[in-house]
Amino acid sequence: MTDSGLPTARHHFPPGTPADICIAHNRACKVARIVTKAVQLGCDHEISDEQMDAIAHEIGVNPPGSDETREAVRHALGDVLDVTDPNKDFWYAVTAALPFRYRDPDGRTVLLVPIPVDE
């Protein structure tokens, strides 16, 4: 565990995994936790930095420490992607390696956190 309260990527990847992959994984985990609570509170992609910080404090993680992490939260709170909507660029969202919400074929809203497995 880190002082953020989240397990770090070293628990998920083999020793020697490049740092950028671990950083991206840790960011995705933090974003997923913040987005989950933000959705419960009714926040959307216009969430303020102050709201993000308050949510992070409430759930016991450090506030986002970079603009990239804050933008990832906002991105994940954007439109819910629907795999049946031909006008959505689903492939782009998956390859962007950011957590995002989508509606699965059963109608459930799911938060997907892509984890790269190779360089």
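**Exercise 1. Contact between two helices**

Which residues of α1 meet which residues of α2 in this predicted model?

Solution. On the α1 side, the residues are R33, I34, K37 and A38. On the α2 side, they meet M52, I55, A56, E58 and I59.

Next, sort these residues by class. The contact of α1 with α2 divides into 6 nonpolar, no polar and 3 charged residues.

**Exercise 2. Orientation of the two helices**

At what angle do α1 and α2 pack, and how far apart are their axes? Then classify the orientation of α1 to α2.

Solution. Step one: the angle is about 105°, and the axes are 10 Å apart. Step two: angles of 65 to 115 degrees count as roughly perpendicular. Step three: α1 is therefore roughly perpendicular to α2.

**Exercise 3. A salt bridge between α1 and α2**

Find the salt-bridge partner of E58 and explain what the pair ties together.

Solution. The partner of E58 is K37, with the closest N and O atoms 3.2 Å apart. A salt bridge requires the nitrogen to be within 4 Å of the carboxyl oxygen. Now place the residues: E58 lies in helix α2 (residues 49–59), whereas K37 lies in helix α1 (residues 19–40), so the pair ties together parts that are 21 residues apart in sequence. Both E58 and K37 also appear among the residues where α1 meets α2.

**Exercise 4. A salt bridge between α2 and α3**

Locate R70 and D49, and state whether each is buried or partly exposed.

Solution. The side chains of R70 and D49 form a salt bridge, at 3.8 Å from N to O. R70 belongs to helix α3 (residues 67–76) and D49 to helix α2, so this pair joins parts that are 21 residues apart in sequence. For burial, the cut-off is under 20% relative accessible area. R70, at 11%, counts as buried. D49, at 32%, is partly exposed.

**Exercise 5. A salt bridge within one helix**

How many residues apart are R74 and E71 in helix α3?

Solution. R74 and E71 are 3 residues apart in α3, which means about one helical turn separates them. Their side chains meet in a salt bridge of 3.2 Å, N to O. R74 is buried, with a relative accessible area of 18%, while E71 is partly exposed at 47%.

**Exercise 6. From pairs to a network**

How many salt bridges does the structure hold, and which residues are linked in a network?

Solution. The structure holds 6 salt bridges. The network links D49, D53, R70, E71 and R74. Among its members are R70 and D49, a pair treated in Exercise 4, and R74 and E71, the pair of Exercise 5.

Technical notes:
Residues are numbered from 1 along each chain as its sequence is written. This is a predicted model: local features need pLDDT of at least 70, side-chain atom pairs count only at pLDDT 80 or more; totals for chains, interfaces and linings use all residues. Side-chain values use heavy atoms; hydrogens and water are left out. Helices (H or I, at least four residues) and strands (E, at least two) are DSSP runs, numbered from the N terminus. Buried means under 20% relative accessible area, exposed over 50%, partly exposed in between (1.4 Å probe, protein chains only). Axes are lines fitted to C-alpha atoms, for helices over the stretch in contact, and angles run from 0 to 180 degrees between N-to-C directions. Angles under 35 degrees count as roughly parallel, over 145 as roughly antiparallel, 65 to 115 as roughly perpendicular and the rest as oblique. Contact means heavy atoms within 4.5 Å. Ala, Val, Leu, Ile, Met, Phe, Trp, Tyr, Cys and Pro count as nonpolar, Asp, Glu, Lys and Arg as charged, and the others, Gly among them, as polar.
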